[in-house]
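Have your viewer open and your selection tool ready. We will start at one pair of residues and work outwards from there.

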Amino acid sequence: AIANIDDAYTAVATASGTAAIVASLLAVLKTGDHILMTDSAYGVSRNLSKNLLNNMGITTTFYNPNIGDNINDLITNNTKLIFMESPGSLTFEIQNIPFLVDIAKKNNLITVIDNTWATSLFLKPINYGVDISIQSATKYIVGHSDAMLGVITTNKKYAKSIRESAHNLGSCPGPEDIYLGTRGLKTLSIRIKKHQENAIKIIEW
């Protein structure tokens, strides 16, 4: 269902949003690699980079989410990946995804985005050329605070490695969580619209 909504080649469900982040990064990174991660990334993504990835010999540079052309100055010989999140967690910067994807392609870099806040209804990253899109389905997709779930959508190039990574890490969700995720999908569009209406009322007040 998520693959269809996202216009992606395939989707892989994980036990949590955190599991989706870990599985995605470990599917494509190895010791000696360097990644560029937006400074507005979810705390778990930042901690993963500073701890687990760092311990594996994978280094991270955090960049201003609205960096523009200056991101070229951060790309090194061992840079492998650009990690985006738009809107960013808590500070909600909107990144120029087509611009960053274009730079990534020119430098043969993988692009990953955390699409939790926008959801597949407001942003379809694969259509912008992003390779791997992550969502913490625990939040908007499940929507009722009664299950933990993550989902990864990807293009054909990384479909096999993403699925193998998630399975190798043992991050498979249970059937009840999957059921609650599909239940949430049925009302996602209605709930997101109401979230937006309420947020605008608070901002105007």
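Begin by selecting D114 and I134: I134, in strand β6, is the bridge partner of D114. Keep in mind as you look around that this is a predicted model.

Now widen the selection to the two strands. Strand β5 covers residues 110–114, and three bridges pair β5 with β6 in the parallel sense.

Next, show the side chains of β6, residues 132–135. Which of them point the same way as I132? I134 does, while S133 and Q135 point the other way. Colour these four by burial and you will find that all are buried.

Stay on β6 and add strand β7, residues 150–154. Do β6 and β7 run parallel or antiparallel? They run antiparallel, joined by four bridges. To see one such pairing, pick S133 and T153: T153, in β7, is the bridge partner of S133. So far, then, β6 has a parallel pairing with β5 and an antiparallel one with β7.

Let's move to another strand. Select β2, residues 34–38. How many of the five residues of β2 are buried? Five of the five are, so the strand is largely enclosed by the rest of the structure. Turn β2 to look at each face: H34, L36 and T38 lie on one side, I35 and M37 on the other, and both faces are covered.

While you are there, add strand β3, residues 59–63. β2 and β3 run parallel, with five bridges joining them. For a close view, centre on L36, whose bridge partner in β3 is T61.

Time to zoom out and show the whole chain as a cartoon. You can count eight helices and seven strands along the chain. The radius of gyration is 16 Å, close to the 17 Å that the globule rule gives for 205 residues, so the chain is as compact as a globular protein of that length. Along its principal axes, the C-alpha trace spans about 45 × 45 × 30 Å.

Switch on contacts between residues at least 6 apart in sequence: 73% of these join residues at least 24 apart. Of the 205 residues, 47% count as buried.

Finish with a surface view. The chain exposes about 10,100 Å², and carbon and sulfur atoms supply 54% of that area. Colour the charged side chains last: there are 18 positive and 17 negative ones, and the centres of the two sets lie 5 Å apart.

Key. Residues are numbered from 1 along each chain as its sequence is written. This is a predicted model: local features need pLDDT of at least 70, side-chain atom pairs count only at pLDDT 80 or more; totals for chains, interfaces and linings use all residues. Side-chain values use heavy atoms; hydrogens and water are left out. The radius of gyration is taken over C-alpha atoms; the globule rule is 2.2 Å times the number of residues to the power 0.38. Buried means under 20% relative accessible area, exposed over 50%, partly exposed in between (1.4 Å probe, protein chains only). Contact means heavy atoms within 4.5 Å. Accessible areas come from the Shrake-Rupley method with a 1.4 Å probe; for residues, only the protein chains shown count as cover. Lys and Arg count as positive and Asp and Glu as negative; His and the chain ends are not counted. The place of a charge is taken as NZ of Lys, CZ of Arg, CG of Asp or CD of Glu. Two strands pair if DSSP finds at least two bridges between them.
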